[in-house]
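Here is a short note on the model, point by point. The points run from the contact between the chains to the backbone of a single chain.

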Number of protein chains: 2
Amino acid sequence: MTNKKEISAAIIIIGNEVLSGRTKDLNTSTLATWLNSLGISVGEARVIPDVEKTIIDTVHELRVKYNYVFTTGGIGPTHDDITAESISKAFNIEYGFHKEAFAILEKYYEPGNFNDGRQKMAKMPVTANLILNPTSGAPGFYVENVFSLPGVPSILKAMIGGLGNVLVGGDPILSKTINLMTYESEIASSLTNVQDNNKDVEIGSYPFFRQGKLGVSIVLRSKDQDKINLCNSLILDFVKAKNIKIVELE
Amino acid sequence: MTNKKEISAAIIIIGNEVLSGRTKDLNTSTLATWLNSLGISVGEARVIPDVEKTIIDTVHELRVKYNYVFTTGGIGPTHDDITAESISKAFNIEYGFHKEAFAILEKYYEPGNFNDGRQKMAKMPVTANLILNPTSGAPGFYVENVFSLPGVPSILKAMIGGLGNVLVGGDPILSKTINLMTYESEIASSLTNVQDNNKDVEIGSYPFFRQGKLGVSIVLRSKDQDKINLCNSLILDFVKAKNIKIVELE
């Protein structure tokens, strides 16, 4: 089996609230899990402040390096929501009312309630494509290979489903996890042997705690199921020889 | 009141497991909260893969841009733990057994249990300073302004306490949060006025859900308590005029 293509993405989390420690970023995990399921690997993720120049520079840097760039945050109605205007400037596209977005929001709110703050959510690069929002009306948008989503995790989750047909994915990235009740140091050299002989399977080793005891999750990742199976059996061989217990984690 | 100094930091999360979506990064939030309490603002955070060149390049780029750089992850005993060797290369310092780290680990494990895997955790830039680990023995380390910590959140938390005396902080960054039962769009224009007249207070607006209802947290951040107090009273004025309910969140 050969890889038909390598497709990669970068994630940009826009938000002072993450850099201050106030808010834990959940969107990287959501986006990365979803992108991996489409065969798109995530090359890097960055958390940057609500600063126009930083947003523009980061978008420019990453969008030539990766097939896709996803931004989260900063598309709401308040003064600190500057993502849409920044993306407009990055692409040199007029920032203004997007006709389709305006129509969606006007219909979403009851007559008389579509105030200035809400109208701001229809402002974006005027020629952008919309990413529809089944939860709360206000759409995201994309320009070329840069996709802008909201920062609220539940809303972001509801919106990415609609993008499956827009993105061109690669071969799915397959994975297999083996959870062992042992210490990393007990298996380190055996695991190194398996990795050295199977360079194109990414083998990760991650300690965990369970009922007060330390364990290790070994994660095998590859686009080739046969190679994962081979590594799996090599690992089970040394696990059996060392008399290490295998457990299922939820 | 004038700022005595601006001290900044960057965070580098090293780990394929975060980029695959398997693991949610908790360390950015821990480090950012702690750094802010020391008067050190976090300028950016990056999640990068376990790739030597990427680690070296990212460290080089960020350590000249910020006063401090913190890396997390990749200092354990297995083959995918390459942070210590990468940092050695970044600083052109020999990668080998660190005498003090070796002595600590040798003492930590029972005789006969200090195997090859565990010994690897004593390998790092040989002239690095140690960051002691009260939880599980294996120390972190720092070279110049780059601090390398483990990826396991509970261990990282236990280790940063010892760094308070090493870092030079700035004026503490003060904050005040006001939680309102309203929509962002209802307060957007009033809040913009407050921000426009108080440029040196960072005013953030973040929607939240509570018992099925939408609310907004307004976060004021500045090094000057008087300026925070002024913004707070300006916000309470319009909140009262609009008859918006203020709530306490845990």
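1. Two residues count as in contact here if their C-beta atoms, placed from the backbone, lie within 7 Å. By that criterion, 48 residues of chain B are in contact with 48 residues of chain A. The model is predicted, and totals for interfaces use all residues.

2. On the chain B side of this contact, the elements that give two or more residues are the helices α1 (16–19), α2 (27–37), α6 (116–120) and α8 (184–197), together with the strands β2 (40–48), β10 (202–210) and β11 (213–222). The biggest contribution comes from α8(B), with eight residues. By residue class, the side of chain B that touches chain A holds 16 nonpolar, 18 polar and 14 charged residues.

3. How are the two copies related? A turn of 180 degrees, with a shift of 0.0 Å along the axis, lays chain B on chain A with an RMSD of 0.0 Å. This is the relation of a two-fold axis. Of the interface residues of chain B, 100% are also interface residues in chain A, so the copies meet through the same surface.

4. Which residue of chain B comes closest to the rotation axis? It is R46(B), whose C-alpha lies at 2.2 Å from the axis. R46(B) falls within the range of β2 (40–48) of chain B, one of the elements on the side that touches chain A.

5. Strand β2 also pairs across the two chains: β2 (residues 40–48) of chain A and β2(B) run in the antiparallel sense, over three bridges. In one of these pairings, A45(A) has V47(B) as its bridge partner in β2(B).

6. Two backbone angles in chain A deserve a check. Most residues other than glycine have a negative phi. Q211(A), however, has a positive phi, near 45 degrees. Q211(A) sits in the loop between β10 (202–210) and β11 (213–222) of chain A, and is exposed, with 6 other C-beta atoms within 10 Å.

7. The second case is N243(A), with phi near 60 degrees, again a positive value in a residue other than glycine. N243(A) belongs to the loop between α9 (225–241) and β12 (245–247) of chain A. Is N243(A) buried or exposed? With 7 other C-beta atoms within 10 Å, N243(A) is exposed, because the cut-off for that class is 12 or fewer.

8. Chain A is assigned two domains, domain 1 (7–163) and domain 2 (174–247). The C-alpha centres of these domains of chain A lie 37 Å apart.

Technical notes: Residues numbered from 1 in each chain as written. Chains lettered and ligands numbered in written order. Predicted model: local features only at pLDDT ≥ 70, side-chain atom pairs only at ≥ 80, totals over all residues. Least-squares fit on C-alpha atoms with pLDDT ≥ 70 in both. Helix = DSSP H or I, 4+ residues; strand = E, 2+ residues; numbered from the N terminus. Buried ≥ 20, exposed ≤ 12 C-beta atoms within 10 Å, placed from the backbone. Domains from an automatic or database assignment. Nonpolar A, V, L, I, M, F, W, Y, C, P; charged D, E, K, R; others polar. Pairing = 2+ DSSP bridges.
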